[in-house]
Amino acid sequence: MASSSSFLLAMAALAALFAVGFCGNTVTLTVGKGTTSTYTHLVLVANLPIHELAIREKGAAEFLDDMKESPAMTFTQDSKAPLKAPLSVRFSVKGGGYRNRDEIFPAGLKPGSVIKTDIKFEG
């Protein structure tokens with residue numbers, strides 16, 4: 001029983017260190033491989049654990065449906081027509097609600113481009 005308790009305690013300590021390690025870091029989004037210049041296929045990779053990432057086209061009142069989330073904090077969006085840039089983003093952080101950044105993705109970003117949201121992760 002002592003080994004189970006020790007293991008659980010160690011796991012809890014690691015989880016706490018992991019969570020504290022993210023606090024105060026700025027969320028960045030990297031344009032992933034396969035992204036087209038007109039954003040008909042958009043891949044974004046977050047540096048921190050965010051959820052429910054959505055984009056909004058220039059001039060649109062509403063955000064599009066949430067991007068498809070896959071492992072490794074990667075999000076994808078497919079569109080039949082080119083998306084009108086600059087794009088705005090909205091995402092949620094656990095226990096922190098939604099965060100928005102207007103018009104941070106200009107037209108024609110290439111894979112590997114990094115966008116700083118200036119939003120601090122408070123996990």
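Guide: A salt bridge is read here as a side-chain nitrogen of Lys or Arg within 4 Å of a carboxyl oxygen of Asp or Glu, and the structure in which we apply that reading is a predicted model.

Visitor: How many salt bridges does the rule yield here?

Guide: The count comes to two salt bridges. One of them joins Arg56 to Asp102, with the closest N and O atoms 2.5 Å apart, and this pair links distant parts of the chain, since Arg56 belongs to strand 3 (residues 51–56) while Asp102 belongs to strand 7 (residues 97–105), 46 residues apart. The two side chains also make a polar contact, at 2.5 Å.

Visitor: Is Arg56 buried or exposed, and why?

Guide: The general idea is that a residue is called buried when its relative accessible area is under 20%. Arg56 has a relative accessible area of 16%, and therefore counts as buried.

Visitor: Which residues does Arg56 touch, once those up to four places away in sequence are left out?

Guide: With those sequence neighbours set aside, Arg56 touches Ala61, Glu62, Phe63, Pro86, Leu87, Ser88 and Asp102, so that its salt-bridge partner, Asp102, appears in the list of contacts as well.

Visitor: Where does the other salt bridge lie, and which residues form it?

Guide: The side chains of Arg90 and Asp66 meet in a salt bridge, at 3.6 Å from N to O. This pair, too, links distant parts of the chain, with Arg90 in strand 6 (residues 87–93) and Asp66 in the loop between strand 3 and strand 4 (68–70), 24 residues apart. Arg90 counts as partly exposed because its relative accessibility is 22%, and Asp66 is likewise partly exposed, with a relative accessible area of 39%.

Visitor: Over which rings does Arg90 lie?

Guide: Arg90 lies over the face of Phe63, at 4.6 Å from the ring centre, and also over the face of Tyr98, at 5.3 Å from the ring centre. Pairs between aromatic rings are another matter, for the structure holds zero of them.

Visitor: What is the wider setting of these pairs within the chain?

Guide: The chain contains one helix and eight strands, and, read from the N terminus, its elements run α-β-β-β-β-β-β-β-β. Among the contacts with a separation of 6 or more, 57% are between residues 24 or more positions apart. Of the 123 residues in the chain, 33% are buried, while the chain exposes about 7,400 Å², of which carbon and sulfur atoms supply 59%.

How values were computed. Residues are numbered from 1 along each chain as its sequence is written. This is a predicted model: local features need pLDDT of at least 70, side-chain atom pairs count only at pLDDT 80 or more; totals for chains, interfaces and linings use all residues. Side-chain values use heavy atoms; hydrogens and water are left out. Helices (H or I, at least four residues) and strands (E, at least two) are DSSP runs, numbered from the N terminus. Buried means under 20% relative accessible area, exposed over 50%, partly exposed in between (1.4 Å probe, protein chains only). Rings of Phe, Tyr and Trp (its six-membered ring) pair if their centres lie within 6.5 Å; planes under 30 degrees apart count as stacked, over 60 as edge-to-face and the rest as tilted. A charge sits over a ring if NZ of Lys or CZ of Arg is within 6 Å of the ring centre and within 35 degrees of the ring normal. A polar contact is a pair of N or O atoms within 3.5 Å; within protein, one must be able to donate a hydrogen and the other to accept it, and residues adjacent in sequence count only if both atoms are side-chain atoms. Contact means heavy atoms within 4.5 Å. Accessible areas come from the Shrake-Rupley method with a 1.4 Å probe; for residues, only the protein chains shown count as cover.
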